[in-house]
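Visitor: I'd like a close look at the ligand surroundings, please. After that, carry on along the chain and show me what else is worth a glance.

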Amino acid sequence: MSRERLYLFDTTLRDGAQTQGVDFSVEDKRLIAGLLDELGVDYIEGGYPGANPTDTSFFGERPALKRAKFTAFGMTKRAGRSASNDPGLAAILDADTDAVCLVAKSWDFHVRVALGVTNEENLESIEDSVKAVAAKGREPMIDCEHFFDGYKANRAYALSCIRTALDAGARWAVLCDTNGGTLPDEVERIVGEVIASGVPGDRLGIHAHNDTENAVANSLAAIRAGVRQVQGTLNGLGERCGNANIVSLIPTLLLKKEYADRFEIAVSLERLKTLTHVSRTLDEILNRAPNRYAPYVGENAFASKAGIHVSAILKDPATYEHVPPECVGNQRKIAVSDQAGRSNILAALEEAGIKIDPKDSRVQRLLDEVKEREFLGYSYDGAGASFELLARRLLGEVPEYFVIESFRVLVERRYNAAGEFVTVSEATVKVNVDADLLISVGEGNGPVNALDQALRKDLGKYSPYIEDLRLADFKVRILTSGTEAITRVMIESADGKGNRWFTVGVSPNIVDASFQALVDSITYKLLRDGAPAPVKPAKKMEVRV
Ligand SMILES: CC(=O)SCCNC(=O)CCNC(=O)[C@H](O)C(C)(C)COP(=O)(O)OP(=O)(O)OC[C@H]1O[C@@H](n2cnc3c(N)ncnc32)[C@H](O)[C@@H]1OP(=O)(O)O
Ligand SMILES: CC(=O)C(=O)O
């Protein structure tokens with residue numbers, strides 16, 4: 001059966017730029033356009049030439065796209081002047097693009113209130129503007145703003161906006177759920193009625209906003225009802241609650257039988273494997289933490305925690321995964337926690353490269369220990385290095401590289417040499433390495449920083465192993481256990497080889513919890529980098545300062 005072509009229109013650089021807190025630079029726009037082009041979308045809406053210096057500059061030098069149609073956005077000409085005499089439209093037509101998408105009002109309420117013109121004047125603006133785009137040799141399309149609300153208020157007028165655009169030569173009339181309040185059943189019914197009224201579905205598009213968390217569902221409903229262009233943004237960026245997320249739409253269209261059997265899109269199954277990378281690169285550009293819960297591409301999208309799930313996943317991943325993670329470039333994650341069973345532990349041990357007979361009684365002991373510690377506040381879910389140390393200690397594989405004899409931290413608010421009133425922390429750590437007692441003092445902008453400085457200042461023969469270690473992130477959470485508040489500290493560490501690892505510490509005292517996580521971090525690095533075991537047992541001998 002031959003499949004129908006479905007076109008993907010990306011508006012990350014236009015509607016996505018309308019997201020609160022998002023402010024693309026010209027260079028960001030170039031990078032994102034390149035990513036989208038490589039992914040395989042059909043249209044890249046770059047922004048609104050003439051609306052702001054960034055967009056004008058971006059359109060001033062057309063990005064080198066391999067296959068996507070570079071598209072400018074703008075609005076139809078203002079009433080009372082000709083298309084050739086409208087400076088806004090002129091800036092859009094002057095831009096070197098393949099296509100032009102103009103937003104037009106299709107709700108009579110908006111024509112009256114927002115534009116303050118007659119319905120006929122608005123239709124005239126649509127017709128003249130589309131003709132002006134076509135005359136410039138660009139592919140014209142019209143975003144019918146508020147189409148669904150307009151259709152419910154004045155069906156005949158909303159339809160006449162579409163017909164006027166298409167009759168004037170628009171390749172597409174895009175039905176916009178601008179306020180995002182329409183639900184999937186309404187979208188499906190209304191699109192069906194529009195097509196039944198004689199408008200061909202292969203000239204219609206859908207542009208859905210996410211105000212009821214239905215933007216993707218509404219886009220799929222419109223596709224089922226017959227539209228053949230779908231608009232969306234990377235990671236669902238966009239005005240207010242965002243647009244339909246193409247990072248969710250693309251895999252659904254490619255991997256779900258109902259759509260994959262009926263439609264052909266320009267993104268290949270091979271390019272689909274880059275989707276997680278594309279999504280996370282956008283977050284990187286925006287300096288935002290990726291959404292762990294994002295469907296398909298989030299860190300949790302294929303993370304299983306419950307023992308019953310993991311037991312089955314290890315027998316066949318299809319038992320609890322709706323698609324294989326690799327097909328979108330993501331990966332399976334098996335968490336170890338108090339929801340775990342033996343299967344989670346075995347999977348985590350395998351991931352850490354620890355070989356053990358599944359029937360070994362130490363597997364159950366480790367599981368019991370994890371559950372006991374999680375009860376006390378530890379969380380191994382996000383602290384893989386601490387879990388690995390716990391497991392290897394139980395198996396007798398972790399040398400006691402160093403022994404902490406004691407530590408002390410002072411926090412002082414005082415005037416510094418420059419006469420500024422500052423808070424400084426000072427830590428002293430006594431550590432035993434190869435029977436040498438080493439005492440180091442460190443200063444820092446906080447107690448944990450000072451402890452870290454002191455601990456790492458002199459670790460005897462282990463010092464060279466930790467020269468490139470740095471603390472990348474530090475998270476504190478206060479938990480309540482019974483009547484007591486306890487602190488859980490998670491530390492992310494990194495080294496010069498690009499390795500990152502996570503450790504956890506728990507104590508009623510925040511400094512103590514931090515220190516545990518620090519010690520785990522250093523021990524993990526020593527173990528991973530093959531540091532030799534101490535030759536002498538730890539005991540106080542000589543003092544070196
Ligand atoms: C649903 C959407 O997301 S549409 C996309 C919206 N995106 C943006 O607005 C981002 C970029 N916009 C801008 O930089 C500015 O709004 C500009 C440059 C386009 C216009 O700026 P200004 O000329 O200062 O006008 P302003 O933004 O205050 O108001 C919009 C004007 O466009 C008119 N207008 C709105 N839509 C249309 C349309 N489809 N056709 C013709 N005129 C329109 C409004 O009636 C209003 O006119 P008025 O000033 O005579 O009342
Ligand atoms: C055009 C557009 O962004 C909208 O109607 O939502």
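Guide: Let's start with the ligands and then work outwards.

A bit of housekeeping comes first: this is a predicted model, where local features need pLDDT of at least 70 and side-chain atom pairs count only at pLDDT 80 or more, while totals for chains, interfaces and linings use all residues. Residues are numbered from 1 along each chain as its sequence is written, and chains are lettered from A and ligands numbered from 1 in the order in which they are written.

Ligand 1 has 17 residues around it, with Ala51, Met75, Thr76, Val103 and Leu115 coming nearest. To be counted here, a residue needs its C-beta atom, placed from the backbone, within 6 Å of the molecule. By class, the shell of ligand 1 splits into seven nonpolar, five polar and five charged residues. In that split, Ala, Val, Leu, Ile, Met, Phe, Trp, Tyr, Cys and Pro are nonpolar, Asp, Glu, Lys and Arg are charged, and the others, Gly among them, are polar. Two elements, β5 (99–105) and α4 (108–115), each give at least two residues to the shell around ligand 1. β5 has the largest share of that shell, with three residues. (Helices are DSSP runs of H or I with at least four residues, strands are E runs of at least two, and both are numbered from the N terminus.)

Now for ligand 2. Around it you'll find Asp15, Val103, Asp143, Glu145, Cys176, Thr178, His207 and His209. Its shell divides into two nonpolar, three polar and three charged residues. Val103 is a name to remember, as it is listed for ligand 1 as well as ligand 2.

Next, have a look at proline 49, in the loop between β3 (43–47) and α2 (53–60). Proline 49 counts as buried because 25 other C-beta atoms lie within 10 Å; the cut-offs are 20 or more for buried, 12 or fewer for exposed and partly exposed in between, with C-beta atoms placed from the backbone. Setting aside neighbours within four places in sequence, proline 49 is in contact with Asp55, Thr56, Phe59, Ala72, Ala91, Ile92 and Ala95, contact being C-beta atoms, placed from the backbone, within 7 Å of each other. Alanine 90 is 41 residues from proline 49 along the chain, with 9.5 Å between their C-alpha atoms.

On to a helix pair. Helix α1 (residues 26–39) and α13 have axes that come within 11 Å and cross at roughly 175°. So the two, α1 and α13, are roughly antiparallel. On the α1 side the contact uses Asp28, Leu31, Ile32, Leu35 and Leu39, and on the α13 side Val278, Thr281, Leu282 and Ile285. Those contact residues come out as seven nonpolar, one polar and one charged.

Asparagine 287 sits in the loop between α13 (275–286) and β11 (303–304). Its phi is positive, about 60°, although asparagine 287 is not a glycine. Most residues other than glycine have a negative phi. With 6 C-beta neighbours inside 10 Å, asparagine 287 is exposed. Aspartate 434 also has a positive phi, near 50°, and is a residue other than glycine. You'll find aspartate 434 in the loop between β14 (421–433) and β15 (436–444), and with 18 other C-beta atoms within 10 Å it is partly exposed.

Two more stops. Leucine 459, in the loop between α18 (447–457) and β16 (470–481), is buried, with 21 other C-beta atoms within 10 Å. Leaving out residues up to four places away in sequence, leucine 459 touches Phe402, Val431, Val433 and Ile466. Glutamine 516 belongs to helix α19 (residues 510–528) and is buried too, with 20 C-beta neighbours inside 10 Å. On the same footing, glutamine 516 touches Gly505 and Ser507. Valine 328 lies 188 residues from glutamine 516 in sequence and 37 Å away, C-alpha to C-alpha.

Definitions and conventions
Axes fitted to C-alpha atoms, helices over the stretch in contact; angles between N-to-C directions. Parallel < 35°, antiparallel > 145°, perpendicular 65-115°, else oblique. Contact = placed C-beta atoms within 7 Å.
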